[in-house]
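The following exercises concern one protein model. Each gives a task and then a solution in steps.

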Amino acid sequence: IYTNTRAKIKPRTTFALYFPFPFEFFLLVCFVCQLFPAMSEVTKLLQKWHASFQKGTDFDSWGQLVEAIDEYQILARQLQKEAQSHPNSSEFTEDQKKTIGKVATCLELRSAALQSTQSQEDFKLEDLKKLEPIIKNILAYNKEFPFDVQPGPLRKILAPGEEE
């Protein structure tokens, strides 16, 4: 802290000692924030989907089939809703939406296989786990989809246990 004897300048505060040019510092912070923006809404959504997918596959691998079915149906409903959204209201391209719809179809297939009374499972957990890299990185995914499925037709999206 210093004083100037010629001009009546108040001593600097502690903050000002560390940041002698607060306005310039503010501009620097703004510039850095533009270079490294906060996590986008799409990234948050993808992380949410991935966490839900992992939760479902964990339940499935632990033999908690009721919980796995619920988690798969909830995630499938969310994915289907995004795949059916209007082009102007979505952050995803039409190709990405098709892929999202196919993932939703696979989740529905696994859910149906778990509910089936037959001993043979049509869509296995190992098959479903092949979709994890797609869900994690849908924005950069440009390979062929690993399964020959088509996105489900446009239909009313039901909650688990809800009847048509």
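**Exercise 1. Find the residues that P151 touches, and place P151 in the chain.**

Step 1. Leaving aside residues up to four places away in sequence, P151 touches K98, G101, K102 and T105.

Step 2. P151 lies in the segment after α7, while G101, one of the residues it touches, has its place in helix α5.

Step 3. Between P151 and G101 the C-alpha to C-alpha distance is 4.5 Å, with 50 residues separating the two in sequence.

**Exercise 2. Decide whether P151 and G101 are buried, partly exposed or exposed.**

Step 1. The cut-offs are needed here: under 20% relative accessible area is buried, over 50% is exposed, and values in between are partly exposed.

Step 2. P151 has a relative accessibility of 30%, and therefore counts as partly exposed.

Step 3. G101 has a relative accessible area of 6%, so G101 is buried.

Step 4. G101 can also be related to K81, 20 residues away along the chain: their C-alpha atoms are separated by 8.8 Å.

**Exercise 3. State how far the model can be trusted, and where confidence is lowest and highest.**

Step 1. The model is predicted, and the protein averages a pLDDT of 79.

Step 2. A score of at least 70 is reached by 66% of the residues.

Step 3. The lowest confidence falls in helix α1 (residues 14–18), with a mean of 51, and the highest in helix α4 (residues 65–83), at 95.

Step 4. Where pLDDT is low, predicted coordinates should not be read in detail.

**Exercise 4. Describe the overall make-up of the protein.**

Step 1. Counting elements gives 7 helices and 0 strands. From the N terminus on, the order is α-α-α-α-α-α-α.

Step 2. The protein has 164 residues, of which 29% count as buried.

Step 3. The accessible surface comes to about 11,700 Å², and carbon and sulfur atoms account for 56% of that area.

Step 4. Among contacts between residues at least 6 apart in sequence, 64% join residues at least 24 apart.

**Exercise 5. Characterise the largest cavity: its volume, its lining and the helices that supply the lining.**

Step 1. The structure holds 1 cavity of 30 Å³ or more. About 50 Å³ of space lies in the largest cavity.

Step 2. The lining of the largest cavity consists of L46, W49, L79, I100, V103, I134, I135 and I138.

Step 3. Sorted by class, this lining has 8 nonpolar residues, no polar residues and no charged residues.

Step 4. At least two lining residues come from each of α3 (41–61), α5 (94–115) and α7 (132–136).

**Exercise 6. Compare the settings of A51 and T57. Which of the two is buried, and which is partly exposed?**

Step 1. A51 is found in helix α3, and T57 lies in helix α3 as well.

Step 2. A51 counts as partly exposed because its relative accessibility is 41%. T57 has a relative accessible area of 6% and is therefore buried.

Step 3. Setting aside residues up to four places away in sequence, T57 touches Y72, L125, L128 and K129.

Step 4. A51 lies 9.8 Å from I135, C-alpha to C-alpha, although 84 residues separate them in sequence. I135 is also one of the residues that line the largest cavity.

**Exercise 7. Determine whether A113 is buried or exposed, and what it touches.**

Step 1. A113 is found in helix α5, the helix that also holds G101.

Step 2. With a relative accessible area of 6%, A113 is buried, because this value is under the 20% cut-off.

Step 3. When residues up to four places away in sequence are not counted, A113 touches D122 and F123.

Step 4. For A113 and K124, 11 residues apart along the chain, the C-alpha atoms are separated by 7.9 Å.

Definitions and conventions. Residues are numbered from 1 along each chain as its sequence is written. This is a predicted model: local features need pLDDT of at least 70, side-chain atom pairs count only at pLDDT 80 or more; totals for chains, interfaces and linings use all residues. Side-chain values use heavy atoms; hydrogens and water are left out. pLDDT is the predictor's confidence in each residue, from 0 to 100. Helices (H or I, at least four residues) and strands (E, at least two) are DSSP runs, numbered from the N terminus. Buried means under 20% relative accessible area, exposed over 50%, partly exposed in between (1.4 Å probe, protein chains only). Contact means heavy atoms within 4.5 Å. Accessible areas come from the Shrake-Rupley method with a 1.4 Å probe; for residues, only the protein chains shown count as cover. On a 1 Å grid over the protein atoms alone, a cavity is a set of points where a 1.4 Å probe fits but cannot get out, and a pocket is an open set with protein on both sides within 12 Å along at least five of seven lines; lining residues have an atom within 4 Å of a point. Grid points are joined across faces, edges and corners, and a volume is the space filled by probe spheres set on the points. Ala, Val, Leu, Ile, Met, Phe, Trp, Tyr, Cys and Pro count as nonpolar, Asp, Glu, Lys and Arg as charged, and the others, Gly among them, as polar.
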